[in-house]
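Biologist: I should like a close look at a single part of this model, followed by an account of its surroundings. Please begin from the structure shown here.

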Amino acid sequence: MLWAALLLPLGSAGTLPPDEALRGVATWALQFTPRVAVSEEAVLFEVEASVRLFGGKRALRDRVVQEGADLGVKSFAWATNSLAAHALARAGIENGFKRPLDDLLDGLPMGVLSAVGPHHSTLSKLGCRTLGDVRRLPRGGISRRFDKDLLGAIDRAYGLQPDGHTWVQMPDDFEAKLELMSRVEMAPALLFGARRLLLQMCGWLAARHSGTTAFTLKWAHDSMRSKEVGDGGELTIRTAAPSRNLEHLCRLLAEHLAKVELEAPVGDLQMVATEVVALNERSESLLPDETQAGESLQLVLERIAARLGPERVLRPVLTDDHRLEWMQMWQPVPKPLPRKAIDPVDMPQPTWVLPIPLQLSTRNDRPLYQGLLHLLTGPHRVEGGWWHRLGEGEGATTAHVQRDYWVALSEHAGVLWVYQERLASDETAWYLHGVFA
Amino acid sequence: MSAVLSWAGDEDALPALGLTSTARSRTRRSQPGELPPEVEQALWRGCDFGSQGGTVVSSGFAALDAELPGGGWPCQALSEVLSPQQSVLEWRLIGPALRDVVSRGGNVVVVGPPKTPHLPGLHHTGIDEKHLVWVQAEAPAERLWCTEQLVKSGSCGAIVAWLPQARPEQIRRLQVCAQACDGLTFLFRPAAAQHESSAASLRVVATFGVDWEVRVHVVKRRGPAHDGLIHLRSFPGGLDSVLTPRLLVPSELIAARAPSRQRTHQGPVHALGGPAASSRLGRHATAG
């Protein structure tokens, strides 16, 4: 048996830590094992069966210590039973496997066992200071003079009697609150507190074998705010693919928080997992999978879209039109491409286009663009679009085009795609529309 | 450096292997100035390229591949393309390499291009809608940030970024990130950046030639300095299917037109235009 005890800091007057904090840590711990119990100020869990899944004892311990410290855990201890782990954590000894458990426990002050508490003064008058002293007293005498809990607790701590626990049940919905240590005035600074909540959420998601596609961070302004400011605000973050990757969610949240402006200092945070879906995990393989080494492209583009705005991370879609402006359109990346693919035209087409054609000046009826243009091939007539109405009502026009396209060569500007259009009263004008780059 | 070291190692190894008498006799028989094959093999010459650590993607031009260390555009490193003008030759130069990337299922991500990419034209270089992403980054800081995120993720087949205002320390940062990125990374920068230092492992200056050419000069590479220009013949956007033999050499066409214009039109405007045309002609003669 491999028990871990995680101790949360006590309140200022020696009171137990708030229930929410304990529940938060317990929820997070559920990702390691279903056998999690809360006892006074400690969260206890048994991980013997999970050691291999998390990459060995050393890796598991490092992860628990690192993430636990983020959650505000004060001290850790590992031992063969829960009571011993709890006692060692209180005494500040982390490793309960360094020496035989009896030796370790004998040296601890007797106060580390809660069952000693009611009889502390009597025992100290008897000359006991350590657990070893208490254990060496005659058993018959202890059970007669003190209550049965003391002897039972000592037996359980030394592993002579089995433990009994009430396991923590996993909540069906994730909702966690956090009171910030100090008032926060800048939105990005909320991330520190939000990370703690995210850590709990990722633990809860891992325990449920799911990922989230949307989660909400709510904040409450503190009571000293001015009157016109509301109670607080909230921010919902959506992801394209379900995820419980802490770093990814944290960076996504950071991008969104960077844009938020707080109206008043914030005192409390709350996080809710709004949409949770089952996540299919990649199986652990003996041979490392090379393609999965980095972050997937989808995740990066999502983060870029979070900063720049989704309308600026685009993918092209071909449309069935022969006019250059409507040959393709651009849509945000997460949107799926249409199922019916359009065959691309096999005519020569420029590789860059100008969003609005540029009118060129002319000399002797020949277009100029960084010098005289030499028309190479053409004309390529593009005509049509009377069916395509732009705008509504009075100002409606049709996107009708009647153009002769030419491939033009400039000695400085490269190979260009220019067109000649007939204007009113037999005038013509030349436009630059694309570049063959 | 490593090549020199290995050569020194080989020298030590020769006595250990025990040169047989036949080998000695062969050494004696070789002509002065001609090295025995085992020495020839281990010898590193000043004109050889240094050892290229990572993989490369062929540029699609044999003449260019011959001048690039490893025989292509490097993965896990930055390739800087400097050109005097934007949006004149980008796809022509890197298109064949991108075709290779896309055919292997890699994505091409374009960061902050100077104009709108036109997919029907890019189809001719083998890029399709499933493998092209356009990131519209405008401000210099945005361009850098997006490029860095993409490079760090290492999940793109090719990253093509326009960074007109990047500073040397920012390029260095990208180069460090790129060492862990398996895809190609192209940075397009103005030709003026040629005089700044840069951490990119490959820098080329590309200019446009009238006769369907891209002229490339390698400014920096892992190897000896490069002299002269490489002339690469490329037809953009599927134009090769419509060009007549006469149009394959537009410089002759232009040259043929220029004097005729001078002869037929007499006027103040064309008196000015004449010398300009002839000076252009002269430049072509020297460039050719």
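In which crossing, left-handed or right-handed, does α2(A) pass α9(A)? Please describe this helix pair closely, and then place the pair in its wider setting.

Modeller: The model is a predicted one, and what follows should be read accordingly. The crossing in which α2(A) passes α9(A) is left-handed. Contact is made through A:E67, A:D70 and A:L71 on the side of α2(A), and through A:R195, A:R196 and A:L199 on the side of α9(A). By class, the residues of this contact comprise four charged and two nonpolar, with no polar residue. The two helices pack with their axes 9 Å apart, at an angle of about 130 degrees. Angles over 145 degrees would count as roughly antiparallel and those from 65 to 115 as roughly perpendicular; α2(A) is therefore oblique to α9(A).

Both helices also meet a third one. Helix α1 of chain A, residues 19-29, is mostly covered, with eight of its eleven residues buried. The buried residues are A:A21, A:L22, A:G24, A:V25, A:A26, A:T27, A:W28 and A:A29. They pack against α2 (56-71) and α9 of chain A, and also against the strands β1 (3-7), β2 (36-39), β3 (42-46) and β5 (175-184).

Helix α9 leads on to the nonpolar core. The largest such core has 172 residues, and those with the most contacts inside it are A:A4, A:A5, A:V25, A:V43, A:A85, A:M201 and B:V135. Its largest share, nine residues, comes from α9 of chain A, residues 190-207. A:V25, one of the residues with the most contacts in the core, is also among the buried residues of α1(A). In soluble globular proteins, nonpolar side chains tend to be buried together.

The core also includes a residue of chain B, namely B:V135. Leaving aside residues up to four places away in sequence, B:V135 touches A:I304, A:R312 and A:V313 in chain A, and B:V109, B:V110, B:V111 and B:C146 in chain B. Between the two chains, 46 residues of chain A are in contact with 46 residues of chain B. On the side of chain A, at least two residues each are supplied by α11 (297-308), β9 (313-318), β10 (328-332), β11 (352-360), β14 (374-384), β17 (401-410), β18 (414-422) and β19 (428-436). That side has 31 nonpolar, nine polar and six charged residues.

Chain B offers a helix pair to set beside the first. Helix α7, residues 140-153, and helix α8, residues 168-178, pack with their axes 9 Å apart at an angle of about 15 degrees. They are therefore roughly parallel to each other. Here too the crossing is left-handed. The contact joins B:L144, B:T147, B:E148, B:V151 and B:K152 of α7(B) to B:Q170, B:L174, B:C177 and B:A178 of α8(B). Its residues divide into five nonpolar, two polar and two charged.

Finally, the chains as a whole. Chain A holds eleven helices and 19 strands, and 34% of its 437 residues are buried. Chain B has ten helices and eleven strands, and 39% of its 288 residues are buried. Of the contacts in chain A between residues at least 6 apart in sequence, 59% join residues at least 24 apart. In chain B, residues 24 or more positions apart account for 66% of the contacts with a separation of 6 or more.

How values were computed: Residues are numbered from 1 along each chain as its sequence is written. Chains are lettered from A and ligands numbered from 1 in the order in which they are written. This is a predicted model: local features need pLDDT of at least 70, side-chain atom pairs count only at pLDDT 80 or more; totals for chains, interfaces and linings use all residues. A nonpolar core is a set of buried Ala, Val, Leu, Ile, Met, Phe, Trp, Tyr and Cys residues joined through C-beta atoms within 7 Å. A residue is buried if 20 or more other C-beta atoms lie within 10 Å of its own, exposed if 12 or fewer, and partly exposed in between; C-beta atoms are placed from the backbone. Helices (H or I, at least four residues) and strands (E, at least two) are DSSP runs, numbered from the N terminus. Two residues are in contact if their C-beta atoms, placed from the backbone, lie within 7 Å. Axes are lines fitted to C-alpha atoms, for helices over the stretch in contact, and angles run from 0 to 180 degrees between N-to-C directions. Angles under 35 degrees count as roughly parallel, over 145 as roughly antiparallel, 65 to 115 as roughly perpendicular and the rest as oblique. A crossing is left-handed if the near helix is turned anticlockwise from the far one by less than a right angle, and right-handed if clockwise. Ala, Val, Leu, Ile, Met, Phe, Trp, Tyr, Cys and Pro count as nonpolar, Asp, Glu, Lys and Arg as charged, and the others, Gly among them, as polar.
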